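Student: I would like to learn how to read the features of a protein model step by step. Could you take me through one, giving the general idea and then the case in hand?

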Amino acid sequence: AHELNRNVTAFVERCYREALSREPDTAGLDNWCLALLSGSLTPERVAFGFVFSDEVTQKNLFNSQFMTMLYHMMMNREPDLGGIMNWVYALDVGEAAGRSRSEVRQEAYGLFAQSEEFQNIVASFGL
């Protein structure tokens, strides 16, 4: 399936590199590409699937590491110091207030997914 559309394949390969720090396995690449090509998943949901995958969760990233990964994945850049400090603080405060780590991270993801930077990344792949 990954041979069907080069742009779709390149987008999914980028998700593997940015979220998982590895190259894709053929079966996984095919599954993600088919989901995008069929319209069953949007680019935002594919990226979400990587960011919140068991593979990433098992890395037990600190909030600063998680936010750095989001900047790379969703904005295609290194975080600026003020920005990442604000995000880490927001995540820490959310967790301190009794919200789950997953909940506060999904909220941050949602805001990054709506960003102009992420929309530009998606558009650059023709998606």
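**Reading a helix and its contacts**

Tutor: Keep in mind that this is a predicted model. Let us begin with one helix and ask what lies around it: the buried residues of α5 are covered by a set of elements that includes α1 (6-20), α3 (43-51), α4 (54-57), α6 (81-96), α7 (101-113) and α8 (116-124).

Student: Which residues of α5 are buried?

Tutor: A residue counts as buried when its relative accessible area is under 20%. In α5 that description fits N63, F66, M67, M69, L70, Y71, M73, M74 and M75.

Student: How far apart should the ends of helix α5 be, and how far apart are they?

Tutor: The idea is to compare an expected span with the distance in the model. Helix α5 has 13 residues, 63-75, and at 1.5 Å a residue it should span 18 Å; because its end C-alpha atoms are 17 Å apart, the two values agree. Just after α5 comes N76, which takes a positive phi of about 60 degrees.

Student: How should I read salt bridges, and how many does the structure hold?

Tutor: Look for a side-chain nitrogen of Lys or Arg within 4 Å of a carboxyl oxygen of Asp or Glu. The structure holds 7 such bridges. In one of them E13 is joined to R6, with the closest N and O atoms 3.2 Å apart; here E13 is buried, at a relative accessible area of 17%, whereas R6 is exposed, at 53%.

Student: Are the partners R77 and D80 buried, or are they partly exposed?

Tutor: R77 is partly exposed, with a relative accessible area of 32%, and D80 also counts as partly exposed, at 36%. The closest N and O atoms of their salt bridge are 3.3 Å apart. Another bridge brings together the side chains of E103 and R99, at 3.5 Å from N to O, where E103 is partly exposed at 39% relative accessibility and R99 is partly exposed at 28%. Salt bridges can also share partners, and in this way R22, D25 and E55 are joined into one network.

Student: How many aromatic pairs are there?

Tutor: For aromatic rings, look at the distance between the ring centres and then at the angle between the ring planes. The count comes to 9 aromatic pairs. One of them is formed by F11 and F125, which meet edge-to-face at 5.7 Å centre to centre, with 75 degrees between the planes. F11 lies in helix α1 and F125 in the segment after α8, so this pair ties together parts that are 114 residues apart in sequence. F11 is buried, at 1% relative accessibility, and F125 is buried too, at 14%.

Student: Which partner does Y71 have, and how do the two rings meet?

Tutor: Y71 pairs with F112, and the arrangement is edge-to-face, at 5.2 Å centre to centre and 85 degrees between the planes. Because Y71 lies in helix α5 and F112 in helix α7, the pair ties together parts that are 41 residues apart in sequence. Y71 is buried with a relative accessible area of 3%, and F112 is buried with 2%. Rings can also gather into a group: F48, F52, F66 and Y109 form one aromatic cluster. Over the face of F48 lies R45, at 4.2 Å from the ring centre.

Student: Why is there no disulfide between C15 and C33?

Tutor: A disulfide is a covalent bond between the sulfur atoms of two cysteines. The sulfur of C15 is 9.8 Å from the closest cysteine sulfur, which belongs to C33, and this is too far for a bond. The count of disulfides is 0. C15 is buried at 1% relative accessible area, and C33 is buried at 0%.

Student: What does R105 touch?

Tutor: A contact list shows which residues a side chain meets beyond its neighbours in sequence. R105 lies in helix α7 and is buried, at 8% relative accessibility. Leaving out residues up to four places away in sequence, R105 touches F52, L61, F62, N63, F66 and L91. The C-alpha atoms of R105 and F52 are separated by 9.0 Å, although these residues are 53 residues apart along the chain.

Note on methods:
Residues numbered from 1 in each chain as written. Predicted model: local features only at pLDDT ≥ 70, side-chain atom pairs only at ≥ 80, totals over all residues. Heavy atoms only, no water. Helix = DSSP H or I, 4+ residues; strand = E, 2+ residues; numbered from the N terminus. Expected span 1.5 Å × (residues − 1). Buried < 20%, exposed > 50% of the residue type's maximum accessible area, 1.4 Å probe, protein only. Contact = heavy atoms within 4.5 Å. Phe/Tyr/Trp six-rings, centres within 6.5 Å; stacked < 30°, edge-to-face > 60°. Lys NZ or Arg CZ within 6 Å of the ring centre and 35° of its normal. Disulfide = S-S within 2.5 Å.
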